[in-house]
Amino acid sequence: MEAGGAGEEEEAAAADEWLLQSLRLYGDLHTFELQAPTRLIEWARGNRVCVAGYGQSGGNEILQLLPPPTLQAKETQGLCPERDFKVECGGFSNRPVYSLKFVPDTSLLVTSGPPDSSLQVWQVSAEDSDVIKSVSTIPTENSTGQPWAKIATISARAPWVLHGSRLNSVQITEVESRKNVYMAASSNNEELGGLAFLDCNTLLLCCAKGQLCLADIRQPQSPLEAVSVPSAPCGEQWCMGVGRQPQGSDSSSQPVACLSSGGHLTLTDVRKTSESLASVKCRVPSPSSDAEFLCVSWAPALEGCLAVSGFDGTVHVYNSQSWDSSGKEAEPIFVHKGHIFSRLGSSGGPPPVTVHTWHPQKPRTLLSAASDGSLHVWDWVGECGPEAPRGRLYTPQDAGLSSRVCATSSGLCSGSCSANAACLQPQKGTGTTFSAPACYKLCPPPV
């Protein structure tokens, strides 16, 4: 009993220390409790968020949530009385929901999950209704006993869903008519770790054992060629995250991050998946026993930044811009530990993070969920992307300030600065070279 009491005291002390640190580590930190844990967080139209249960028993809820106003606004707008998610509509699935994707430009969404590789199609009802209703099922050939299907959606020509559980079962189906549009030509039955549309004609597939495969739907008879992820260790499970291409470029320049259950992270691009742009080892406490919750994603608004989760109760954020192919351990620029302390005293240790996703507009804001039902929204105070040039003199014309400031400190603003510093806001059309609000020390007055 004494040992148990001492352990609880240590946990409480660690939680108190983290709570104090959070005051300086986070610009915003909101914690919520879902009735059931989720392994997906999907953005919907109007900055809505979808979550869904993955329990093995029937009655898993699919919920569309309206975020609090502070999360919807593009800029922080002071205190707000509404600080919780609101349920806008929902439905029930009689099977676990492992993946969910909205079909762009429609009111439809597609889900997948055990015990087979079939898909379920749902419709989010009109504004006067609060129901997400099941409308159809997309069966797949020999789906019984197959792993659950990975899915991606697009609405370039028509509402399509890309789906498959193995490389030789990848296909594209028109969602509304359930007509088969494309079937991959492959005899390789490797299980998939992920898939994605690069554009309306090009697909990228990631095998769970660490191979990447490009497919062109205009050439359905061409056999798929799986190329091993550069420097991929054997015996590990892999997933991938595809970044957005730079504005004005085509899909061939999209960056790809491949993450293994051993913590290895390899960067490549779709122009030559056999070559590594960078290779590092993530700073994870121990390799994951499996890849059940493995997740890697690129920041949509911070060049070179990505987040990793699925190893424990944390989310790691990395800046990849200085990485090379040495395979050395990478230092995260931020670690979110909030889920570790979400439910102190519960048995079984800290809950693992099941999923994370980036806010589409707020550069440093992420959402993450854990197996205990906790849902966190957090905006860290830290640096990602190129540093603002140190020592450069910024004039009032640069940043709209009444005094001159000098970039001698790179700490990012969370809304206020100390008495001897000023908060620079990037101004369009002024030629400034910094990309985020930041606190800088005031320059000494000119002699």
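Me: How many bridges join strand β3 to β4, and which way do the two strands run?

Reply: In this predicted model, β3 covers residues 49–52. One facing pair of residues is Val49 and, in β4, Leu65. The two strands run antiparallel, and the number of bridges joining them is 4.

Me: What is the strand order of the open sheet of 4 strands?

Reply: The pairing in this open sheet is antiparallel. Its edge strands, β2 (42–43) and β5, each pair on one side only. Read across the sheet, the order is β2-β3-β4-β5.

Me: Is Gln64 buried or exposed?

Reply: Gln64 has its place in strand β4, residues 60–66. Leaving aside residues up to four places away in sequence, Gln64 touches a list of residues including Arg48, Val49, Cys89, Phe102 and Ile132. Its relative accessible area is 9%, and the limit for buried is under 20%, so Gln64 is buried.

Me: Which kind of aromatic pair do Phe32 and Phe85 form?

Reply: By the ring-pair rule the model has 10 aromatic pairs. In the pair of Phe32 and Phe85, the centres are 4.7 Å apart and the planes are at 75 degrees. An angle over 60 degrees counts as edge-to-face, so the pair of Phe32 and Phe85 is edge-to-face.

Me: How many residues apart are Phe32 and Phe85?

Reply: Phe32 is in strand β1 (residues 26–33), while Phe85 is in the loop between α2 (69–72) and β5 (86–93). Both residues are buried. Their pair links distant parts of the chain, with a separation of 53 residues.

Me: Why is the pair of Trp358 and Trp380 called edge-to-face?

Reply: The ring centres of Trp358 and Trp380 are 6.1 Å apart, and centres within 6.5 Å make a pair. Their planes meet at 70 degrees, and over 60 is the condition for this class, so the pair is edge-to-face.

Me: Where in the chain are Trp358 and Trp380?

Reply: Trp358 is buried, with a relative accessible area of 5%, and Trp380 is buried too, at 1%. The two are 22 residues apart, and their pair links distant parts of the chain. Trp358 is in strand β26 (residues 353–358), and Trp380 is in strand β28 (residues 374–380).

Me: Which residues do ring pairs link into a cluster with Trp380?

Reply: Trp380 also has a charged group over its ring: the charged end of Arg364 sits 5.9 Å from the ring centre. Through ring pairs, Trp380 is joined in a cluster with Tyr26, Phe334, Trp358 and Trp378.

Me: Which residue lies over the face of Trp148?

Reply: This is another case of a charge over a ring. The distance from the ring centre of Trp148 is 4.2 Å, and the residue is Lys150.

Me: How many residues of β10 are buried?

Reply: Lys150, Ala152 and Ile154 are on one side of β10, with Ile151 and Thr153 on the other. Both faces are covered. The strand is largely enclosed by the rest of the structure, because the buried residues number 5 of the 5.

Me: What is the bridge partner of Ala152 in β11?

Reply: A hairpin joins β10 to β11 through 5 residues. The two strands run antiparallel, joined by 5 bridges. Opposite Ala152, the bridge partner in β11 is Leu162.

Me: How many residues does the largest nonpolar core have?

Reply: Leu162, Ile172, Tyr182, Phe197, Leu203, Leu205 and Leu224 have the most contacts inside this core. Strands β10, β11, β14, β15 and β16 each supply at least two of its residues. Apart from it lies another core, of 18 residues, among them Leu259, Leu267, Trp298 and Tyr318. The largest core has 20 residues.

Me: Over which residues is the pLDDT under 50?

Reply: The mean pLDDT of the protein chain is 80, and 77% of its residues reach 70 or more. Where pLDDT is low, the predicted coordinates should not be read in detail. The stretches under 50 include residues 76–81 and residues 385–447.

Me: How many helices and strands does the protein chain have?

Reply: The chain has 447 residues, of which 50% count as buried. Its secondary structure comes to 3 helices and 32 strands.

Methods: Residues are numbered from 1 along each chain as its sequence is written. This is a predicted model: local features need pLDDT of at least 70, side-chain atom pairs count only at pLDDT 80 or more; totals for chains, interfaces and linings use all residues. Side-chain values use heavy atoms; hydrogens and water are left out. Rings of Phe, Tyr and Trp (its six-membered ring) pair if their centres lie within 6.5 Å; planes under 30 degrees apart count as stacked, over 60 as edge-to-face and the rest as tilted. Buried means under 20% relative accessible area, exposed over 50%, partly exposed in between (1.4 Å probe, protein chains only). A charge sits over a ring if NZ of Lys or CZ of Arg is within 6 Å of the ring centre and within 35 degrees of the ring normal. Contact means heavy atoms within 4.5 Å. A nonpolar core is a set of buried Ala, Val, Leu, Ile, Met, Phe, Trp, Tyr and Cys residues joined through side-chain atoms within 4.5 Å. Two strands pair if DSSP finds at least two bridges between them. pLDDT is the predictor's confidence in each residue, from 0 to 100.
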